[in-house]
Amino acid sequence: MQVSRRKLAFTVLLGTLTLAAALVLSWFHLFNVRPNERFAAVFARGSQLYVAVPEGSYALRVTESMVQHIGGDADYLWLDERDDNEVHLYVVQLRDGNARRIGGVRAAEDVGSWAASRCGQFAFHTNLAGSQLYVHNARTGNSELMAERLAAVFMAQGQDAAFFTRRESGAMMLYRVRANGEPERMSGVVEDVRFFYDNLRAMVFYSAAGNLYALGSSGPPVFVAENPEEVLFEHYRPGGNLYMLKDTGQPQLQLYVYDGVSVQRLANAGQLQVIAAVRAHGRPAALLAYENEDEQDPRGWRLAMMTELGPREIPMGEGFAGGAQWQAMFMRTPQVLLTLESNMEGATFGLHGYELLEHGISQRRFLGTQVMGAVIGRFGAYVVRQEIGGTRMAVYVYHRGETMQRLVNDVHAYFLAPSENALLVLHDVQEDTTGTLTACVGAVAHHIANGVQAGSVQAGNRFVGYVNNWDNGAGTLWLSNLGQRPPVRIADGVTAILAVN
């Protein structure tokens, strides 16, 4: 049977494409990388900087950099170059083979401050004097002057908008500019502008004519409160609750909370002495201490919290916070107040918990002793305790009503990943040099690697980089997606990790 040339060519092409697809899938399987999940890492071999992506490692034109940002799904790398007293801005389009090979292009010279957008295509930057704001488009290679005569600029890495103030006709005005848009004047005369951000969002609070407003990366300004007496900005976390004291004409000041939707009264605050802890995310709650003006009616410590029936103040009982040292903190989830209490300065703590119920709080529950500290993540509290003999530490997790669960022994160092979804722990360290790296995600400890060089761990939102096989000041760089799959070997001879995505 004869086959036409056209049909034969099509068959050969189809077979070639199928084989290529199979090779690509095999490559991703071999290196434990899903096709829709790209990694990127910036590292040094001595004085030379490199970027590593799934396609390989490439030398960068920048020789010394202080700040790096990997945007999108490892689509763009932005980094600055420090040259004496000058700072220049570079960008690498990581999916472009030629851009990778040449090690990036200079996007701007003599910049003051800069920040790249979440997708990474754009970067805001000021001139050295900080009086002009530009946006550079990495795809087109063009920079555009967005504003001049700036008084202050508010921007952060991974945000799609920047904010700035400018004096016009003797008054300070607030503007917002998105990466691919024109500056918008968002208010008339403003004062006391406060900028907040995390890895998800940016938020500005400002006063105008005595009133408090909130402004996000998109949408119009939102009226928050009329003439607040004091705003507790130091307790605010983006996307969470903002607490403030207001004078409503009553004999006492009132404690109010703005939860991003509405403002509600939380407690009377006339003789408020101190606020020990507030709940930034979730149901509003604050731990308050009042002055004891009347010894016959000592109010002491109270928990002011929002219940399904409205605000309620709950006395914490005699002897609460009466030790030599103590701390209090609210978990993000579930609804729990934790306290660390000690009767001696410099001693370890006892850990107690109160569950926030629909109508009040539970009885105090003892959770553990010999506690050195606690770290609050998105899925619970990681508690560090001394083990028997007091020479070693272990990490436990407390999530719900059950007892604490031990996750890792012989802890040397620990810190939350930027996303707060995992606690990274270096443990079983030998001679203060190398140890085992573990990622604690919720109540599960994921072993990542042994022989990790102490001080080499660099965490991003999705990946963590580390160096092992350390010898004579250099070692092997590996990337792990927080222990979910086996690590990927990146490069040898690495002396430092600068950034991972």
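The exercises below, each with a worked solution, deal with aromatic pairs, charges over rings, salt bridges and pockets in a predicted model.

**Exercise 1. Aromatic pairs around Phe 205**

Task: Classify the contacts that Phe 205 makes with Phe 196 and with Tyr 236, and state which parts of the chain the pair with Tyr 236 ties together.

Solution.

Step 1. Take the pair of Phe 196 and Phe 205, with ring centres 6.1 Å apart and planes at 75°. Rings pair if their centres lie within 6.5 Å, and planes over 60 degrees apart count as edge-to-face. The contact of Phe 196 with Phe 205 is therefore an edge-to-face aromatic pair.

Step 2. Do the same for Phe 205 and Tyr 236, where the centre-to-centre distance is 5.0 Å and the angle between the planes is 90°. This pair is edge-to-face as well.

Step 3. Locate the residues of the second pair. Phe 205 belongs to strand 17 (residues 202–208), while Tyr 236 is in the loop between strand 20 (230–231) and strand 21 (242–246). The two are 31 residues apart in sequence, so their pairing ties these parts together.

Step 4. Check burial, for which the cut-off is under 20% relative accessible area. Phe 205 has 1% relative accessibility and so counts as buried. Tyr 236, at 4%, also counts as buried. Phe 196 is buried too.

Step 5. Put the pairs in context. The count for the model is 17 aromatic pairs. Elsewhere, Phe 154, Phe 163, Phe 195 and Tyr 197 make up one aromatic cluster.

**Exercise 2. Charges over rings**

Task: Which arginine has its charged end over the ring of Tyr 50, and which lies over the face of Tyr 175?

Solution.

Step 1. For Tyr 50, the residue is Arg 45, whose charged end sits 4.9 Å from the ring centre.

Step 2. For Tyr 175, the residue is Arg 166, at 4.8 Å from the ring centre.

**Exercise 3. The salt bridges of Asp 73**

Task: Trace the salt bridges of Asp 73 with Arg 95 and Arg 462, and name the network to which these residues belong.

Solution.

Step 1. Start with Arg 95 and Asp 73, whose closest N and O atoms are 3.8 Å apart. A salt bridge needs a nitrogen within 4 Å of a carboxyl oxygen, and this pair forms one. Arg 95 is in the loop between strand 6 (86–93) and helix 2 (97–102), and Asp 73 is in the loop between strand 4 and strand 5 (76–83), 22 residues apart.

Step 2. Move to Asp 73 and Arg 462, where the closest N and O atoms are 2.9 Å apart. Arg 462 lies in the loop between strand 39 and strand 40 (464–471), and the partners are 389 residues apart.

Step 3. Classify exposure. Arg 95 has 49% relative accessibility, Asp 73 has 21% and Arg 462 has 29%. Partly exposed runs between the limits of under 20% for buried and over 50% for exposed, so Arg 95, Asp 73 and Arg 462 each count as partly exposed.

Step 4. Assemble the network. Salt bridges link Asp 73, Asp 75, Arg 95 and Arg 462.

**Exercise 4. A salt bridge with unlike partners**

Task: Glu 341 and Arg 364 form a salt bridge; is Glu 341 buried or exposed?

Solution.

Step 1. The N to O distance of the pair is 2.8 Å. Glu 341 lies in strand 29 (residues 336–342), and Arg 364 in the loop between strand 30 (349–355) and strand 31 (365–377).

Step 2. Glu 341 has a relative accessible area of 18%, so this residue is buried. Arg 364, at 42%, counts as partly exposed.

Step 3. In all, the model has 18 salt bridges.

**Exercise 5. Two pockets**

Task: Describe the volume and lining of the largest pocket and the second largest pocket.

Solution.

Step 1. The largest pocket holds about 700 Å³ of space. Its lining has 27 residues, with His 69, Ile 70, Gln 157, Gly 158 and Asn 461 nearest the centre. Strand 4 gives the largest share, four residues. By class, 13 are nonpolar, eleven polar and three charged.

Step 2. The second largest pocket holds about 610 Å³. Its lining has 24 residues, and nearest the centre are Arg 237, Ala 280, His 281, Arg 332 and Glu 420. Strand 28 gives the largest share, three residues. By class, eleven are nonpolar, five polar and eight charged.

Notes
Residues numbered from 1 in each chain as written. Predicted model: local features only at pLDDT ≥ 70, side-chain atom pairs only at ≥ 80, totals over all residues. Heavy atoms only, no water. Phe/Tyr/Trp six-rings, centres within 6.5 Å; stacked < 30°, edge-to-face > 60°. Buried < 20%, exposed > 50% of the residue type's maximum accessible area, 1.4 Å probe, protein only. Lys NZ or Arg CZ within 6 Å of the ring centre and 35° of its normal. 1 Å grid on protein atoms, 1.4 Å probe; cavity = no way out; pocket = protein on both sides within 12 Å on 5 of 7 lines; lining within 4 Å. Points joined across faces, edges and corners; volume = space filled by probe spheres on them. Nonpolar A, V, L, I, M, F, W, Y, C, P; charged D, E, K, R; others polar. Salt bridge = Lys/Arg side-chain N within 4 Å of Asp/Glu carboxyl O.
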